[in-house]
Amino acid sequence: MQAREWQFDGLVGPTHNYAGLAMGNLAAAQNAGAPSNPRLAALQGLQKMRFVRNLGVPQAFLPPHYRPRLSELTRLGFTGDVATILSTAAKEAPGLLASVYSSSFMWAANAATVTPATDTHNNCLHLTPANLVSHYHRSIETEFSKKLLQNIFHNDKLFSIHNALPSTDEFGDEGAANHMRICSENNSIGTHIFVYGKSHEKTIKSLLMPARQKLLASESVSRLHGIKREHCLYLKQSPAAIDQGVFHNDVIAMNTTNLMIVHAEAFVPEHQEELRKMAATRPGFLYREIRSQELSVADAVATYLFNSQLLALEGGRYALVAPAECAQHAGARAVIERLVEEGVLHEVHYLDVRESMRNGGGPACLRLRIVLNPEQEEAMHPGVILTDETYDLLEQWVTTHYRDRLTFDDLRDPQLVEELNRAYLALEPIVGMAGLYPDARGTGARARDAAATAGQNNRL
């Protein structure tokens, strides 16, 4: 029963916008306040999915989360009808309004940490949704992410879906963006590399930017998933790299099966050396370190070279799906061409995902890798598999329901909420998940009205 690595891409949501909410994400900060194009962003994501599928790689998608999360605003004291809540929040707490509209769930690499059945104590696929506590707008994704995973992987004899870790900073968990798995083939037992920015011990801290992933979180996930300690390696991010915009490990390192490409300044020196020793002693492990003379950390962040999608194809070939920005940067392109000359890579494809890149996410950010065996493939929900028919339906859905321009001023418009509700309801039959978006049916509005009425009664 040959297992395969599936790419589960986050379908970009209709509220994709540039609010600049994520500290440490340089691209998001640089483009804060600029108009976004949700329609183009979603179509670029869909085109990437189809391209990867046409390379022979199994491809699926994760439906977008419901936005805006107005229930969060009522929880924080805003009352009245939708129009009143939106206008008051825009005036009194614009950051909160932008947060409940955030579409950062599109970067599926942050959704969860995944361990294939071959590596776990009970031979089940394990998934733990990330708590994403480093930022409020991302922390509200966790509940729906778990719901989606349970809908897709609903056979509890084959899949184990865990609760997210406690929602405190010491358990800060950013999902698969800080996790790599080295294996000779998808069926074999792998070595899990958990990358963290901060531990519970007193260590050197980054000078400017927050360290999002915590060691305690990585250790907890590995225990929950039943991974043997000897199959885990914990590496600490270089504080200097974090300060230059490496907020996740997948901004500075990439891997698939037995291939890893990593920057020489990704980790603290002692852990960088530990990785080199593992590479030197592990049979068949193809390890390529990119030196600063080849590409600086700053240029790696600017081009998102390491956030390219590294794919293992049939016949032992490796393909790289890189953002178009890498083709336009002399240093990044030279590194890629050198990797091809060395035989590390066999195919390179440059794709336009500019709308995502402007918010700090390249091709790899947009996908969650999940290794499934044939029995698990058969058991997962078929509505999220990208087929020709599904692609056409999703493309039509996006074209019909997404705006081609979105600014902060649009977020206070109650008409936008009505448009969004129609969009989400139209998506449910496409993915075959009836009732996925209860707020789009007005349940959220009724709850808000009830809360407003209760508040008025309490004042009488």
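Which exposed residues does α13 carry on the face turned away from its buried side? I opened the notebook with that question and went to the predicted model for the reply. The exposed residues on that face are A330 and E341.

**Entry 1: helix α13**

I looked up the extent of α13 and found residues 330–341, which makes 12 residues. From the first C-alpha to the last I read 16 Å, close to the 16 Å expected at 1.5 Å a residue. I then listed the buried residues of α13: A332, V335, I336 and L339. Seen down the axis of the helix, the buried residues fall within an arc of 95°, so they line one face of α13. I noted the general rule beside this: an α-helix has 3.6 residues a turn, so residues three or four places apart point the same way.

Next I asked what covers the buried residues of α13. The cover includes the strands β10, β11 (286–290), β13 (318–323) and β14 (347–351). It also includes the helices α11 (297–303) and α12 (324–327). After α13 comes G343, and I read a positive phi near 85° for this residue.

**Entry 2: D299**

I placed D299 in helix α11, one of the elements that cover the buried residues of α13. D299 has a relative accessible area of 29%, so I entered D299 as partly exposed. I also looked up its C-alpha separation from G331, which is 7.9 Å. The two residues are 32 residues apart along the chain.

**Entry 3: backbone angles**

I kept the general expectation in view: most residues other than glycine have a negative phi, and most peptide bonds are trans. Then I noted the exceptions I had looked up.

L132 has a phi near 50°, a positive value in a residue other than glycine. I found L132 in the loop between β4 (125–129) and α6 (136–139). Is L132 buried or exposed? L132 is buried, with a relative accessible area of 2%.

T257 is not a glycine either, and its phi is positive, about 40°. I found T257 in the loop between β9 (253–256) and β10 (259–263). T257 has a relative accessible area of 11%, and buried means under 20%, so I entered T257 as buried.

The peptide bond between R67 and P68 is cis, with omega about 5°. P68 sits in the loop between β2 (59–62) and α3 (70–75).

**Entry 4: cavities**

How many cavities of 30 Å³ or more does the structure hold? I found 6. The largest cavity has about 360 Å³ of space. I counted 27 residues in the lining of the largest cavity, and those nearest its centre are H179, M180, R181, N255 and R369.

I then asked which elements give two or more residues to the lining of the largest cavity. They are β6 (179–182), β9, β12 (309–312) and β15 (367–372). β15 gives the most, with 5 residues. By residue kind, the lining of the largest cavity divides into 15 nonpolar, 7 polar and 5 charged.

**Entry 5: S222**

I located S222 in helix α8, residues 215–224. The relative accessible area of S222 is 4%, so I entered S222 as buried. Leaving out residues up to four places away in sequence, I found that S222 touches F194, I227, C232 and Y234.

Notes
Residues are numbered from 1 along each chain as its sequence is written. This is a predicted model: local features need pLDDT of at least 70, side-chain atom pairs count only at pLDDT 80 or more; totals for chains, interfaces and linings use all residues. Side-chain values use heavy atoms; hydrogens and water are left out. Helices (H or I, at least four residues) and strands (E, at least two) are DSSP runs, numbered from the N terminus. Buried means under 20% relative accessible area, exposed over 50%, partly exposed in between (1.4 Å probe, protein chains only). The expected span of a helix is 1.5 Å times one less than its number of residues. The arc is that of the directions from the helix axis to the C-beta atoms. Contact means heavy atoms within 4.5 Å. On a 1 Å grid over the protein atoms alone, a cavity is a set of points where a 1.4 Å probe fits but cannot get out, and a pocket is an open set with protein on both sides within 12 Å along at least five of seven lines; lining residues have an atom within 4 Å of a point. Grid points are joined across faces, edges and corners, and a volume is the space filled by probe spheres set on the points. Ala, Val, Leu, Ile, Met, Phe, Trp, Tyr, Cys and Pro count as nonpolar, Asp, Glu, Lys and Arg as charged, and the others, Gly among them, as polar.
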